[in-house]
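Colleague: I'm new to this one and would like a close look at a single part, the metal site, and whatever you can tell me about its surroundings. Could you take me through it at an easy pace?

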Amino acid sequence: MELGPLAADEIIVRMAGVGVCHTDWTAAAGTVPLPTPFVLGHEGAGTVTALGSQVSTLALGDQVVLSFDACRSCPQCAAGHPAYCVLSAALNYTGTRPDGTTTMTREGGPVHGSWFGQSSFATHAVASVRNAVRVPAAADGLPLDILGPLGCGLLTGAGTVFRVLRPRAGQSIVVFGLGTVGLSAVMAAAVAGCDPLVGVDPNPLRRRMADALGCTHTLDPAAVEDVGWSLAAITGQGADFTVDTVGSGTVVRQALEALRTPGSCATLGLQALENDITIDQGHLLMGRTLTGVIEGDAEPRVLIPHLTELWRQGRFPFERLIERFPFHRVQDAMDAARAGRVVKPVLVFD
Ligand SMILES: [Zn+2]
Ligand SMILES: [Zn+2]
């Protein structure tokens, strides 16, 4: 497979590691209509090894986390909401550059890349200067090979708490689903001082992890007769905030029902591009809010350095979610995540 030639604003990154995210396998299952052949992977971290002709803000040897791509000039980007860039679909989900060309070829034919502006299930990835966020060098103790999930899964959970819900210390929050996104929301809510901080998940391993990461209470939804009653017993008048990372109708309804009046629910779980659910309008009256969030509505250039600083302080210990797998064991990594044995597999390169 051949990379390049690079466009003026592109870079090549030699991967140290790349996270395996739920969105990769929903895409592999065909929910996103990608042209074949294509390369997935969108939580890459590595070292810059080549620069396009107009790249001036990065240098060879810089260590970067690759996040989602955004145009950086539309009204949404200008207002600090790159996750809602008007060119988001064209830049992240089509397999080509916006001009229709591909970043990779094989035997003269196109190989589709540009998945989240990176396609990083590879030893080297073509990204753009827009979605590469420089991180402190490994000398500062940051393990470069596991930083990739800061670009998507960890950013999504933390951004939803820090940027969208913005709880104050002492306010209550319930997080439904304790995968990477949910546990990142838990860690962020702990940083914010949320109390009670409740995690809901049927997997005991994940509940134990949530306990260790700052939950004041965890709940097995399969072990109680009524999730709503159980949560009401913990939160009193209901939660100030709820976060749904599952995306099923059942969980969204539970997340609305668990709110106090008024209160806010953020729904993040992606089941499919179209996902009809039914909610009770009665749960929204009295000033309650239901909002959807993509990528934590985060500005990666701000939030990723904030998260690495919190990690350095011991307040965002995301490495506990991660298990490293050699790249050739990608199937084992996916199986372990699907089975709930590992929260966030990261594929690492020698
Ligand atoms: Zn934009
Ligand atoms: Zn992702």
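Modeller: Let's start with the zinc ion (ligand 2), whose donors are spaced C-x20-H-x109-C along the chain. Keep in mind that this is a predicted model. The protein donors are C21 through its SG, H42 through its NE2 and C152 through its SG, and they lie 2.1 to 2.3 Å from the zinc ion.

Two of these donors, C21 and C152, tie together distant parts of the chain, being 131 residues apart. You'll find C21 in the loop between β2 (10-19) and α1 (22-28), while C152 sits in the loop between β8 (132-134) and α4 (153-165). Are these cysteines buried or exposed? C21 has a relative accessibility of 8%, so it counts as buried. C152, with a relative accessible area of 6%, is buried too.

Now follow the chain from C152 into α4. Helix α4 packs against helix α5 (residues 180-192) at an angle of about 40°, and the two axes are 7 Å apart. That angle makes α4 oblique to α5. The crossing of α4 past α5 is right-handed. On the α4 side, the contact is made by G153, L154, T156, G157, A158, V161 and F162. Facing them from α5 are T180, V181, S184, A185, M187, A188, A189 and V191. Sorted by class, this contact of α4 with α5 has 10 nonpolar residues, 5 polar ones and no charged ones.

Helix α4 has another partner, helix α9 (residues 300-312), packed at an angle of about 95° with the axes 11 Å apart. So α4 and α9 are roughly perpendicular to each other. Here L154, L155, A158, G159 and F162 of α4 meet P300, L303, I304, H306, L307 and L310 of α9. By class, the contact of α4 with α9 has 9 nonpolar and 2 polar residues, and again no charged ones. If you compare the lists, L154, A158 and F162 of α4 turn up in the contact with α5 and in the contact with α9.

While you're looking at these helices, check the loops attached to them. In the loop between β14 (289-292) and α9 is D297, a residue other than glycine with a positive phi, near 50°. D297 counts as buried, because its relative accessibility is 10%. In the loop between α5 and β10 (197-200) you'll find P196, and the peptide bond joining D195 and P196 is cis, with omega at about -5°. Both kinds of feature are worth a glance, because most residues other than glycine have a negative phi and most peptide bonds are trans.

There's one more of each to look up. T261 and P262 are joined by a cis peptide bond, with omega at about -10°, and P262 lies in strand β13 (residues 259-267). R72, in the loop between β4 (63-66) and α2 (75-78), has a positive phi near 70°. With 25% relative accessibility, R72 counts as partly exposed.

Last stop: T96, in the loop between α3 (88-92) and β5 (104-106). T96 is buried, with a relative accessible area of 16%. Leaving out residues up to four places away in sequence, T96 touches A90, T101, T102, H112, G113 and S114.

Key. Residues numbered from 1 in each chain as written. Chains lettered and ligands numbered in written order. Predicted model: local features only at pLDDT ≥ 70, side-chain atom pairs only at ≥ 80, totals over all residues. Heavy atoms only, no water. Donors = N, O, S within 2.8 Å, 3.2 Å for Na, K, Ca; no water. Helix = DSSP H or I, 4+ residues; strand = E, 2+ residues; numbered from the N terminus. Buried < 20%, exposed > 50% of the residue type's maximum accessible area, 1.4 Å probe, protein only. Axes fitted to C-alpha atoms, helices over the stretch in contact; angles between N-to-C directions. Parallel < 35°, antiparallel > 145°, perpendicular 65-115°, else oblique. Left-handed = near helix turned anticlockwise from the far one by under 90°. Contact = heavy atoms within 4.5 Å. Nonpolar A, V, L, I, M, F, W, Y, C, P; charged D, E, K, R; others polar.
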